[in-house]
Amino acid sequence: MFSRYVNLLTFLSVPVSYLHFVYKYFQEKGKEFFSNKVFLLYLLPVVNIIIEYFLGIDKLSVEVISTINLFSFFVGVIVVFIIILYGLNKYKFSAQAYFLKMMMLTNFVAIIPFVGFYVFPSLILGDYIFPSVFVAPFLLLIPFSLVYQFMANKIYNIEFILGRLRYYGLLAIIPTVIVVSIVTFTQYPTGGYNTIRLAIYIYLVMLGVFYLKEILDFRLRMKRFSEKFNYQDSIFKFTQMIRTFTSLNQVLLELKQAILDVLTVSQAHVLKVKNDGTISLLEGETEDYPWIPYEKEVSKVIAEIGKIIEVDRGFLIKIGERGGTSYVMLCLSMLNTPRLTRDEISWLETLAFYTSVSLENVLKIGELMEHLENVKKEGPNPAWLNKLMFAIEEKQRSDLARDLHDSVLQDMISLKHQSEMFLADFEKDKVCTSQIQQRLINMNEQMSNVIQTTRETCQELRPQLLYDLGLVKALSKLVAQHQESSSIRIRLNTERFSKVLDLDTQLNLYRIVQELLNNAVKHSKAHEILIMLVCIKEKVVLHYEDDGVGFDQDKLYQNKTGMGLSGIRERVRALDGNLEIKTAEGKGFRVIIEMEL
């Protein structure tokens with residue numbers, strides 16, 4: 001009965017443990033595949049065992065118990081399919097798309113025979129089409145597919161995994177031999193296969209213990225009971241601690257404590273050595289002149305970061321430099337210490353380089369804080385910011401003046417000139433009624449053009465439709481205007497766009513499309529343009545494509561192209577999005593912009 005419960009527990013846990021593996025894989029990739037509430041499915045096998053234990057065959061028939069177990073497995077399989085389909089749709093543009101497609105294919109091929117020919121008919125019809133012994137082996141395709149992806153390095157590095165397995169496998173042999181020998185000599189019933197079984201059980205247990213130790217060491221690396229000779233975890237702990245420090249003293253004192261915790265030294269002192277050779281202790285040190293017996297060695301060690309000189313009771317190491325001051329760590333022991341090992345030297349050099357980088361960062365942070373204080377003293381708007389704002393304002397005024405001068409003003413001057421000529425001819429009675437009518441019609445048409453030009457200029461300055469009706473309506477209007485004024489066929493697809501964006505984001509997307517269309521009219525010589533604005537889960541994608549002349553990809557952001565692509569790039573950067581441009585001479589122009597919400 002115990003074996004049956006173990007079998008039931010492991011079999012019904014297959015779907016949810018499979019999901020758990022996928023969840024942890026995506027978690028390591030920095031993505032949340034689905035909610036961890038799915039792990040409540042682990043309760044299914046427990047519920048089945050409880051039902052079978054308390055009710056059992058006495059109260060429920062074998063058929064009823066089998067139906068309950070199969071139904072639980074069927075529920076787990078359905079949840080697996082739904083979640084993987086959801087993830088495939090969510091991450092179909094990511095680097096994990098291949099992994100999800102392989103999972104979907106192998107799951108379908110592996111599970112459909114078992115579910116379609118055994119589980120489903122048994123639940124619905126009360127009988128199976130093929131017995132489980134024929135269709136259950138298809139389930140082996142799932143681990144085989146994972147093994148294949150391991151071997152192809154599609155999901156994890158197989159060399160690292162096999163290396164750890166070989167290492168722990170060899171370590172587990174010795175305790176297995178010892179335990180089996182002890183048990184054999186204590187009159188354990190051996191003979192036949194008993195000894196072999198016992199050796200296998202103990203070997204697997206020891207293998208699991210070593211893996212468990214590695215997991216615990218990783219999880220508790222910030223809370224180890226002893227730091228002695230624990231080089232790797234101490235570096236991790238040191239880097240985690242110093243990343244929040246903002247003062248030089250904090251970094252150096254943390255390094256001092258790390259060395260005292262790991263190495264067999266009893267004293268550690270931070271020395272400040274100036275360019276003129278003057279030596280002093282870091283603030284907070286209490287001992288007087290501990291460096292005096294080692295002054296010659298101190299002058300030699302300051303040549304480079306990480307240099308180590310061993311002395312009679314310890315060693316000296318340069319750990320950083322700031323301005324004209326070098327920082328040296330003097331580490332001493334109560335007794336004569338043995339020479340540093342290769343691992344200790346490598347560990348100390350690594351710590352020294354980390355400390356040096358951290359000191360540089362602290363220096364930069366201090367300079368930045370000082371600069372911010374000066375900016376704060378200058379008032380709410382620093383002089384450089386006011387100057388920049390005025391320059392931007394003047395550029396906008398200049399652009400507006402140029403647009404009005406080149407379009408509206410020239411048309412108005414032409415109309416005034418025509419009116420003056422018309423009045424002069426009218427006073428001399430040189431015009432007839434039909435000529436008057438025709439001139440008035442021409443003047444009316446020109447005034448209509450002036451009004452239209454003025455409206456378009458105002459629309460470019462402030463797209464009112466965007467503020468009133470949103471991005472989709474504004475883009476439709478923009479496309480319609482360009483189609484009226486050019487022979488280019490423009491297709492706009494916004495059917496799958498339903499996200500509510502903030503006004504700044506909408507305005508930036510509108511300006512990007514506006515700039516792309518202006519470029520197409522002026523430079524591309526295109527016949528067709530496709531613009532798609534779609535929403536894929538938590539991502540907005542803007543796709544632009546034309547069949548124009550294109551240009552050299554290497555000259556993408558050069559000013560001489562006159563296409564304003566640098567402005568588009570800056571707008572995409574402001575949206576925290578990704579910009580991809582594909583073009584070549586004679587092969588059109590394509591832009592793909594993606595942004596997370």
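**Close-up views of a predicted model**

**Figure 1. The place of F144 is in helix α8.** This is a predicted model. F144 has a relative accessible area of 53% and is therefore exposed, the cut-off being over 50%. F144 is also one of the residues of a nonpolar surface patch.

**Figure 2. A nonpolar patch of about 730 Å² lies on the surface.** The residues that make the patch are L105, F108, V109, I112, F138, L140, L141 and F144. Two helices, α6 (97-124) and α8 (141-151), supply at least two residues each. The most comes from α6, which gives four residues to the patch.

**Figure 3. Five strands form an open, antiparallel sheet.** The order of the strands is β2-β1-β5-β4-β3. β2 (279-281) and β3 (308-311) stand at the edges; each has a single partner strand, so one side of each is left without a neighbour in the sheet. From one strand to the next, the twist averages 30°.

**Figure 4. Strand β1 pairs with β2, and helix α12 packs on the sheet.** β1 covers residues 267-274, and its antiparallel pairing with β2 runs over three bridges. In this pair of strands, V273 stands opposite I279 of β2. Helix α12 (residues 248-262) touches β1, β4 (314-322) and β5 (325-332). The direction of α12 makes about 25° with that of β5.

**Figure 5. Y354 lies in helix α14.** This helix is made of residues 342-378. Y354 has a relative accessibility of 39%, so it counts as partly exposed: the value falls between the 20% limit for buried and the 50% limit for exposed. Apart from its neighbours within four places in sequence, Y354 is in contact with I235, F238, T239 and I242. One of these, T239, is 115 residues from Y354 in sequence, while the C-alpha atoms of the two are 7.6 Å apart in space.

**Figure 6. The close-ups belong to a protein of 597 residues.** Its secondary structure comes to 20 helices and ten strands. Buried residues make up 36% of the protein. The accessible surface comes to about 37,100 Å², and carbon and sulfur atoms account for 60% of that surface. Among contacts between residues at least 6 apart in sequence, 64% join residues at least 24 apart. The contact between Y354 and T239 is one between residues 115 apart in sequence.

How values were computed
Residues are numbered from 1 along each chain as its sequence is written. This is a predicted model: local features need pLDDT of at least 70, side-chain atom pairs count only at pLDDT 80 or more; totals for chains, interfaces and linings use all residues. Side-chain values use heavy atoms; hydrogens and water are left out. Patches are made of residues with over 30% relative accessible area and no salt bridge: like charges are joined within 9 Å, nonpolar side chains (Val, Leu, Ile, Met, Phe, Trp, Tyr) within 5 Å. Accessible areas come from the Shrake-Rupley method with a 1.4 Å probe; for residues, only the protein chains shown count as cover. A salt bridge is a side-chain nitrogen of Lys or Arg within 4 Å of a carboxyl oxygen of Asp or Glu. Buried means under 20% relative accessible area, exposed over 50%, partly exposed in between (1.4 Å probe, protein chains only). Two strands pair if DSSP finds at least two bridges between them. Axes are lines fitted to C-alpha atoms, for helices over the stretch in contact, and angles run from 0 to 180 degrees between N-to-C directions. Contact means heavy atoms within 4.5 Å.
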